[in-house]
Amino acid sequence: MASTIDRLWDMEATELSSQDVDEIIVHIRKQMAMYDAGIKPKPEANEQIDWTGLVQKLSGKEPEPEIKAPAKKTKRRL
Amino acid sequence: MALTDLVTEEAPSPFLPNSNIQYAWDSTSLEDFKRCPRLYQYRMIDGWVSEEESVHLRFGRELHQSLHDYELSISAGIPHDDAVFDVVKELLLRTDDWRPDHKYKNRKNLVRTVVWYLDKFKNDPAQTMVKDDGKPIVEYSFRFELDWGPTAGQPYVLCGHLDRVVNFHDELFVMDHKTTTTEPSDYYWNQFNPHNQMSLYTLASKIVFESNIKGVIINAAEVKIGFSRFTRGTTYRTKDQLEEWLHDLKYWLNLAEGYAEAGYWPMNDTACDKYGGCPFREICSKSPSVRDKFLNSSFVKREPWNPLQPR
């Protein structure tokens, strides 16, 4: 279920009340306080995780390149 | 060099009538031309822009607008928290139709970057300079003529927008906002000297404000998935360096005239991988006969960038 803050982000800006805008600012400031305190923020629901970077960081290895199958050659009709 | 009046309702064309000879140059068009004449052609002459580029442009534009709005509110005596509220509200309204799914440059990260920046620099040691009319010098459009030009009656014009002019430890600087998605390293900072935009901005501010501006403070906002970070770096220019930049400019603009007269802008194939990779690399890698098809499918055509467009 979407949280209150997610719902606020999804709303049209014209529908946001002053209280809603305040809530967004408070949420952003909380994120900043957590970051300043060294607490790593959880990725937002719709934000992608940088898997390639994470694999690289954890393993210390470059990720293996994706191997693509060669395109099939079509036979020319005579 | 002479200052010209800044305020115009509708921006005139930066090109001489019925030609591709550009007489009004800003750092963006000049940088494109210096990097690669073909890149300049695609952007400035033809007006092609990629989806990816438009996300970066919009993100940067909205950030600039927000910081500008904040400065105006503070100079009008509005307290910090109220100014932040107004800025965020306006930003949300302006970007209501803009919901890109970009990993970093998206709406949420934009609003977060603005709030974090304004809170971090609530008591900014770099003080915004104020004009005689009491308004802060932010998003300041400049324009001045050079003493030579493409025709006898039309001198070259250099123009642009200074993000902010500040007093930092009793010295004057231009401040320029940049956004990046990677952590600014020595490599990042070293790119600003020599640097076309920073040399032009230092020169312009010296002429426009008739003051001893030392250089540019680069205000880098690093935008990540869960956080935004800010770092500042300074780049200085001596009088000799600025004279050299202006002297070199003569040669660059002569070259631009030549290409415009020939109607051909050659490709600089040593620059394709620079600056994070040229957005047109995919196009230039195709056979010339099919490039138009690829341009039409991957890029959109819009009104070409106009350096004379006021903000």
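Me: At what angle do the axes of H7(B) and H8(B) cross?

Reply: This is a predicted model. In it, the axes of H7(B) and H8(B) cross at roughly 110 degrees and come within 10 Å. Since angles from 65 to 115 degrees count as roughly perpendicular, H7(B) is therefore roughly perpendicular to H8(B). On the side of H7(B), the contact is made by B:Asn196, B:Ser199, B:Leu200, B:Thr202, B:Leu203 and B:Lys206. H8(B) contributes B:Leu242, B:Trp245 and B:Leu246. By character, the residues of this contact divide into five nonpolar, three polar and one charged.

Me: How should the spacing of residues along a helix be read, and why do residues three or four places apart point the same way?

Reply: The general idea is that an α-helix has 3.6 residues a turn, so residues at a spacing of three or four places point the same way. A case for inspection is helix H1 of chain B, residues 27-35. Its buried residues are B:Ser27, B:Ser29, B:Leu30, B:Asp32, B:Phe33 and B:Arg35.

Me: Which elements do the buried residues of H1(B) pack against?

Reply: The partners of these buried residues are strands E2 (24-25) and E6 (157-168), together with helices H2 (37-45), H7 (196-209) and H8 (239-262), of chain B. H7(B) and H8(B), the pair discussed above, are thus among the elements against which H1(B) packs.

Me: How far may the coordinates be trusted, and what is the mean pLDDT of chain A?

Reply: Where pLDDT is low, the predicted coordinates should not be read in detail. Chain A has a mean pLDDT of 75, and 50% of its residues reach 70 or more. Among its elements, helix H2 (residues 18-36) of chain A has the highest mean, 96, while helix H3 (residues 51-59) of chain A has the lowest, 59. Chain B averages 94, with 97% of the residues scoring at least 70. Over residues 1-8 of chain B, however, the pLDDT is below 50; this stretch has 19 contacts in the model beyond near neighbours in sequence. For the complex, the predictor gives an ipTM of 0.89 and a pTM of 0.86.

Me: How many helices and strands are there in chain A?

Reply: Chain A contains three helices and zero strands, and its elements run α-α-α from the N terminus on. Of the 78 residues in chain A, 19% are buried.

Me: How is an interface described, and what area is buried between chain A and chain B?

Reply: The size of an interface is often given as the accessible area lost when the parts come together. Between chain A and chain B, about 2,300 Å² is buried, and carbon and sulfur atoms give 62% of that area. A:Trp9, A:Met32 and A:Tyr35 supply 27% of the area that chain A buries against chain B, more than any other three residues. The contact takes 25 residues from chain A and 26 residues from chain B.

Me: Which backbone features merit a check, and what is the peptide bond from B:Asn193 to B:Pro194, cis or trans?

Reply: The bond from B:Asn193 to B:Pro194 is cis, with omega near -5 degrees. B:Pro194 is placed in the loop between helix H6 (186-190) and H7 of chain B. The sign of phi is a further item to check. B:Asn18, although not a glycine, has a positive phi of about 55 degrees; this residue sits in the loop between strand E1 (2-3) and E2 of chain B. B:Glu210, likewise not a glycine, has a positive phi of about 45 degrees and lies in the loop between H7 and strand E8 (215-223) of chain B.

Me: Are these two residues buried or exposed, beginning with B:Asn18?

Reply: Because residues over 50% relative accessible area count as exposed, B:Asn18 at 85% is exposed. B:Glu210, at 71%, also counts as exposed.

Me: Where is B:Pro279 placed, and which residues is B:Pro279 in contact with, its neighbours within four places in sequence left aside?

Reply: B:Pro279 is in the loop between H8 and helix H9 (281-284) of chain B. With a relative accessible area of 27%, B:Pro279 is partly exposed. Leaving aside neighbours within four places in sequence, B:Pro279 is in contact with B:Arg43, B:Ser50, B:Glu53 and B:Phe299. From B:Pro279 to B:Glu53 the C-alpha distance is 7.9 Å, although they are 226 residues apart in sequence.

Definitions and conventions
Residues are numbered from 1 along each chain as its sequence is written. Chains are lettered from A and ligands numbered from 1 in the order in which they are written. This is a predicted model: local features need pLDDT of at least 70, side-chain atom pairs count only at pLDDT 80 or more; totals for chains, interfaces and linings use all residues. Side-chain values use heavy atoms; hydrogens and water are left out. Buried means under 20% relative accessible area, exposed over 50%, partly exposed in between (1.4 Å probe, protein chains only). Helices (H or I, at least four residues) and strands (E, at least two) are DSSP runs, numbered from the N terminus. Contact means heavy atoms within 4.5 Å. Axes are lines fitted to C-alpha atoms, for helices over the stretch in contact, and angles run from 0 to 180 degrees between N-to-C directions. Angles under 35 degrees count as roughly parallel, over 145 as roughly antiparallel, 65 to 115 as roughly perpendicular and the rest as oblique. Ala, Val, Leu, Ile, Met, Phe, Trp, Tyr, Cys and Pro count as nonpolar, Asp, Glu, Lys and Arg as charged, and the others, Gly among them, as polar. pLDDT is the predictor's confidence in each residue, from 0 to 100. Buried area is the accessible area (1.4 Å probe) that two parts lose on being put together, summed over both.
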